[in-house]
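User: I'm new to this and would like to zoom in on a single part instead of skimming everything. Could you pick a spot in the interior and walk me through it slowly?

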Amino acid sequence: HDDRTPSFYVSPAKNICKCFACGEGGSPIHFVMKHEQMTYYEALKYLARKYNIEVVEKELTSEEKQQQSDRESMLILNEYACNYFTKILHTHSEGKSVGLTYFKERGVREDIIKKFQLGYSLEERSAFSTEAQKAGYNSNYLLKTGLSLGGEQNRPLVDRFRGRVIFPIHTISGKVVGFGGRILKKVENVGKYVNSPESDVYSKSKELYGIYFAKSAMV
């Protein structure tokens, strides 16, 4: 709001905060929810991690445990992929000459490239899939996240984003749940843009590109 007086107060004794200009206030959890744009559950987990408090959750069924395990594995793989594509962009000869050159020609500053973790996927058909499997990542999760295609009848996996500059898609809390890729060469019958498919961790209608980096400014 437009109030220019010191209207926001915190009472450690009462464990509450209050803005007397707009009326907003509440507990530390409510403050974190508003300031970090988190859900109640996310705010609890955030504060627990910060102060090394164990969060005791309800007993999950075998199916729920497997689903949770799958989601965590996919998020870990996406984080690996994000770091891989970023590294390729900045250190590989093809990444620098093709991907980095493209971004700079389009006027994207170096700090923005790094902030948004932009990357590049090599034109080689299975470069990423091969590296990910060498690093110990399961082919099943490579297919589930949509990072790789194929694999039928024991055939090698193929990279979905090969030959494209990469735009990681983050949740509001900063987790990488998907990717967008733009091809830089004219190829017949190939779409200019490709996105990760819907998965257990990525729903296109629920994610807004860039919101993780914009939320502080928005608040």
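Analyst: First, one term: a residue counts as buried when its relative accessible area is under 20%, and as partly exposed between that and 50%. Keep in mind that what you're looking at is a predicted model.

Let's start with Asp 70. Its relative accessibility is 9%, so it counts as buried. Asp 70 has a charged partner, Lys 144, and the two side chains meet in a salt bridge, 3.2 Å from N to O. Asp 70 belongs to helix α3 and Lys 144 to helix α7, so this pair ties together parts that sit 74 residues apart in sequence. Lys 144 itself has 31% relative accessibility, so it counts as partly exposed.

Now on to the rings. There are 15 aromatic pairs in the structure. One of them joins Tyr 80 and Tyr 84, which are stacked, with centres 6.5 Å apart and 25° between the planes. Why are these two about one helical turn apart? Because they're four residues apart in helix α3, which covers residues 62–91. Tyr 84 is buried, at 12% relative accessible area.

Next comes Phe 85, which pairs with Phe 128: their ring centres are 5.2 Å apart and the planes meet at 35°, so this pair is tilted. Here the chain links distant parts of itself, since Phe 85 is in helix α3 while Phe 128 is in helix α6 (residues 127–134), 43 residues apart. Both rings are buried: Phe 85 has a relative accessible area of 2%, and Phe 128 has 1%.

Zoom out a little, and ring pairs join Tyr 80, Tyr 84, Phe 85, Phe 128, Tyr 137, Phe 161 and Phe 179 into a cluster. Phe 128 also has company besides rings: leaving out neighbours within four places in sequence, its contacts include Ala 81, Leu 142, Leu 147 and Asp 159.

So where do these residues fit in the bigger picture? The largest nonpolar core has 35 residues, and those touching the most other members include Tyr 84, Phe 85, Phe 128 and Phe 179. Elements giving two or more residues to this core include α3, α6 and α7, along with strands β7 (164–170) and β8 (176–183). Helix α3 supplies the largest share, nine residues. As a general point, nonpolar side chains in soluble globular proteins tend to be buried together.

How values were computed. Residues numbered from 1 in each chain as written. Predicted model: local features only at pLDDT ≥ 70, side-chain atom pairs only at ≥ 80, totals over all residues. Heavy atoms only, no water. Phe/Tyr/Trp six-rings, centres within 6.5 Å; stacked < 30°, edge-to-face > 60°. Buried < 20%, exposed > 50% of the residue type's maximum accessible area, 1.4 Å probe, protein only. Core = buried A, V, L, I, M, F, W, Y, C linked by side-chain atoms within 4.5 Å. Contact = heavy atoms within 4.5 Å. Salt bridge = Lys/Arg side-chain N within 4 Å of Asp/Glu carboxyl O.
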